[in-house]
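This report looks at how two chains meet and how much confidence the model carries. Please view the sequence and structure before reading on.

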Amino acid sequence: MNRPLCRRFLRPRLRRVDVAVAVLLAVLGFAAVVQVRSTQEDGPLATARQEDLVQILDELSNRNDRLRDEVSALERARAELTTGGDQSEAALAEARRRTQLLGILAGTVPARGPGLLLTITDPDGRITPDVLLDALEELRAAGAEAIQLEGPVDLSVDPSEASGGDSGGGGVSPALGDGDEGGGGVDGRALYPPYRFVVVGEPSTLASAVAIPGGVVDNIEQRGGRVLVEERDEVVVGALRALEEPRYARPAPQDGD
Amino acid sequence: MIPALALVVGVVLGLVLEPTVPAALQPYLPIAVVAALDAVFGAVRAQLEKIFDDRVFVVSFVSNVLVAGLVVFLGDQLGVGGQLSTGVVVVLGIRIFSNAAAIRRHVFHA
């Protein structure tokens, strides 16, 4: 069945075999184009064989596992860091609170609250430091939480407005001693009458404590002085003292600390 | 002429219809295309050597495609599908090259 190309192309009628050849070539062109397109569109994975895909999947899941491990490790670290941060923050807040409380006790931070103003005049000059010391001890025994002793105070000024320009001695136990010239001295500063105690504590308790017979008020009035007791909803102990580093005492370790 | 037109028609149909290859056929289609190309190159060579027989072409085309697909299918069943399809492509490629060389000698006499 050997015949020249031109004769076959010029033949007017198609034989079955010619149709079959044409169909096969059309199928070939179609399939080739489809394959090329699918290769271009789907990338390498679409034409990869099953075992290659399994291997790629294995690698992916291995890497996935490694990354998951890494994620959980990092999350643990983050959790530790945040809880650690919370703990140290709580510890810091607690430390600040204790610093405030201890500062009020030591007279290194200002204190405010309900309390008493005790203004003492001394026209005869017979109020000695030990009288003031008695008054101080009385107030402390009555539950005063912060005490300020100042003098001289300007009696014409409303006591609650007066700031302790010449005041001295905050905290619950100001160092009270003999002044240079007869009057009292607090924390090394000389005080002169009229004196004023500014006391933070339960006002009525403090007032009754100084008013008991033979107590502070009686004692001062026997010496020619006058005592003015004012209960206030709020007084401010603003006189501060410097905190001295203890020369000998050191903190001792506590159990469970 | 008619076979070339049919080839063009097939290409145009593929471009226009944009079909997706069924998943079951995906491993076999490239091998089948390569096998068909081998048959086409053989047909062109036979035409140039004036020994072309369209029945032989149809049979060789179909059997090439079927055998290639069968070999790849067997390879897949035996777990050596990848290697066997590579082998089929290599063998068909060699045949295509030798056919192309024969065609070149007929066309360019060199």
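A polar contact is a pair of N or O atoms within 3.5 Å; within protein, one must be able to donate a hydrogen and the other to accept it, and residues adjacent in sequence count only if both atoms are side-chain atoms. Between chain A and chain B, zero residue pairs are in polar contact, with both residues at pLDDT 80 or more. The rule also finds zero salt bridges across this interface, a salt bridge being a side-chain nitrogen of Lys or Arg within 4 Å of a carboxyl oxygen of Asp or Glu.

This is a predicted model, in which local features need pLDDT of at least 70, side-chain atom pairs count only at pLDDT 80 or more, and totals for chains, interfaces and linings use all residues. Residues are numbered from 1 along each chain as its sequence is written, chains are lettered from A in the order in which they are written, and side-chain values use heavy atoms, without hydrogens and water.

Contact (heavy atoms within 4.5 Å) joins 29 residues of chain A to 40 residues of chain B. The two chains bury about 3,000 Å² between them, 68% of it on carbon and sulfur atoms; buried area is the accessible area (1.4 Å probe) that two parts lose on being put together, summed over both.

The predictor's confidence in each residue, pLDDT, runs from 0 to 100. Chain A has a mean pLDDT of 77.

| Low stretch of chain A | pLDDT |
|---|---|
| Residues 158-170 | under 50 |
| Residues 177-183 | below 50 |
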